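Welcome! Open the structure in your viewer, switch on a cartoon view, and keep the selection box at hand.

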Amino acid sequence: MIPVLLAVADAMLVNGVGLGLELGVSIAAAVVLLVRRRFPLLVFLLTLPGLYIGYIWFAPMIGLYTLAARRPGRARLGVCAVLLIAAHFFPYPISDFEPTDYRENTLVLIDATVTSAAPIALGLLVRTRRELASRVEDLTRSLRREDRLLADRVKTTERARLAREMHDVVAHQVSLISLQAGAVQVSTEDAAARAGARTIRELSVRTLEELRHMVGVLRADGGGEARDLAPQPDLAELPRLIEMSALDVTYEGGVVAGAKGAKTVERAAFRTVQEALTNIRKHAPGARVRIRVDPLDAVREDGAGRSAREGESPTGRGLRVEIRNGPPDATAAVPGLPGGGHGLVGLRERAQSLGGTLEARRTSDGGFVVRAELPYGRVGTEAG
């Protein structure tokens, strides 16, 4: 709006306020500046009569500046510059032109040339500055992206280092446990001791396999799941896990293991049971344990806390895992195993990542219950 007001003021200062052709074409040249951003070339051409007849400068100079800033082009700007020079150089009416007045004509030509060159130069400068600002912004984004990639690379390197350290330390200790258990299994004549040593060896071998898988995941580029490693446990492994837990466990499984598209959910269910059994060994030795694994769309919690098969769960199809233990046996020895206090937190995060929930609380009889609902998601639902 300010360029329009400047052009109107220029028209009135040059031509006065009296009505006439000169003031009319000058005001028209000022008004068309309102659409200069949308039609810069047309607006510039419409301001030339104001310069030729009304002797105004602001409107055609603003029009030429807008054209240079928005529609740059050598041929276009050259032709427009020549038109502005001609409109400025030749007087109105054309009959007043004196070809023999060389000094005056030269001064007017120089003035017209400067009048046309200045807005073109300023418009190109502004356009170049905008392009440079845009490129600087793109460069800044690129540098930020490179910084993130560098940070990811550093994390990947550190992950690989930690994986090597974990493998060297843990694998060595577990291997020694396996060797010692093997020695006991061979040397002892006690059947119970041999069975215990065999269980220890099997657990050690399984721990080493899972450690190998975890190390492969940590060393994989981008943190993705590594291939050609040990298979991950699922519901089919639960009976074996319960057998080796050395706890009084009652297992009630109502799900067929290995359902298509549900491997991630089965793995989460297995880890939930595994962590719950570990906590029971730590904090409730000698307690009786009941484990239930049911289809999520076939169980519903009633008011008394019992599972009843009725209808479909609001969370959709999936697995419902419940591990419930009674109070610890006062005569049983507490193993004093170390713990970091992050097991249930990790289980809850795993359940949430699958779109499910996990509840862990004490019961009225002094025991503890861990209940997880793990939906299969879209793939598992279609398979079901």
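Below is a short tour with several stops, each starting with something to select. Before setting off, keep in mind that this is a predicted model.

**Stop 1: a helix**

Select residues 58–70, which make up helix α4. This helix has 13 residues, and from its first C-alpha to its last it reaches 18 Å. That is close to the 18 Å expected at 1.5 Å a residue. Now show the side chains of α4. Which of its residues are buried? The buried ones are A59, P60, I62, G63, L64, T66, L67, A68 and A69.

**Stop 2: two backbone surprises**

A little background helps here: most residues other than glycine have a negative phi, and most peptide bonds are trans.

Select Y55, in the loop between α3 (40–54) and α4. Y55 is not a glycine, yet its phi is positive, about 60°. The residue is partly exposed, with a relative accessible area of 42%.

Next, select Y92 and P93. What kind of peptide bond joins them? It is a cis peptide bond, with omega at about -5°. To get your bearings, find P93 in the loop between α5 (74–89) and α6 (102–187).

**Stop 3: a salt bridge within a helix**

The structure holds 15 salt bridges, and the next stops visit some of them. Start by selecting E131 and R127, which form a salt bridge with their closest N and O atoms 3.5 Å apart. Why can these two meet along one helix? They are four residues apart in helix α6, so about one helical turn separates them. In general, an α-helix has 3.6 residues a turn, so residues three or four places apart point the same way. Try a surface view as well: E131 is partly exposed at 37% relative accessible area, and R127 is partly exposed at 28%.

**Stop 4: a salt bridge between strands**

Select R288 and D248. Their salt bridge brings the closest N and O atoms to 3.4 Å apart. R288 lies in strand β2 (residues 288–295) and D248 in strand β1 (residues 248–253), so this pair ties together parts that are 40 residues apart in sequence. Are these two partners buried or exposed? R288 is exposed, with a relative accessible area of 59%, while D248 counts as partly exposed at 41%.

**Stop 5: a network of charges**

Now select R371 and E359, whose side chains meet in a salt bridge at 2.8 Å, N to O. R371 is in strand β7 (residues 368–375) and E359 is in strand β6 (residues 357–362), so you are looking at a link between distant parts of the chain, twelve residues apart. R371 is buried, with a relative accessible area of 8%, whereas E359 counts as partly exposed at 33%.

Widen your selection to E252, R290, R292, D294, E322, R324, E359, R361 and R371. Salt bridges that share partners join these residues into one network.

**Last stop: R292**

From that network, zoom in on R292, found in strand β2. R292 is buried, with a relative accessible area of 16%. Which side chains does R292 touch through polar contacts? One contact, of 2.3 Å, is with the side chain of E252. Another, of 2.9 Å, joins the side chains of R292 and D294.

Conventions: Residues numbered from 1 in each chain as written. Predicted model: local features only at pLDDT ≥ 70, side-chain atom pairs only at ≥ 80, totals over all residues. Heavy atoms only, no water. Expected span 1.5 Å × (residues − 1). Buried < 20%, exposed > 50% of the residue type's maximum accessible area, 1.4 Å probe, protein only. Salt bridge = Lys/Arg side-chain N within 4 Å of Asp/Glu carboxyl O. Polar contact = N/O pair within 3.5 Å; in protein donor to acceptor, adjacent residues only side chain to side chain.
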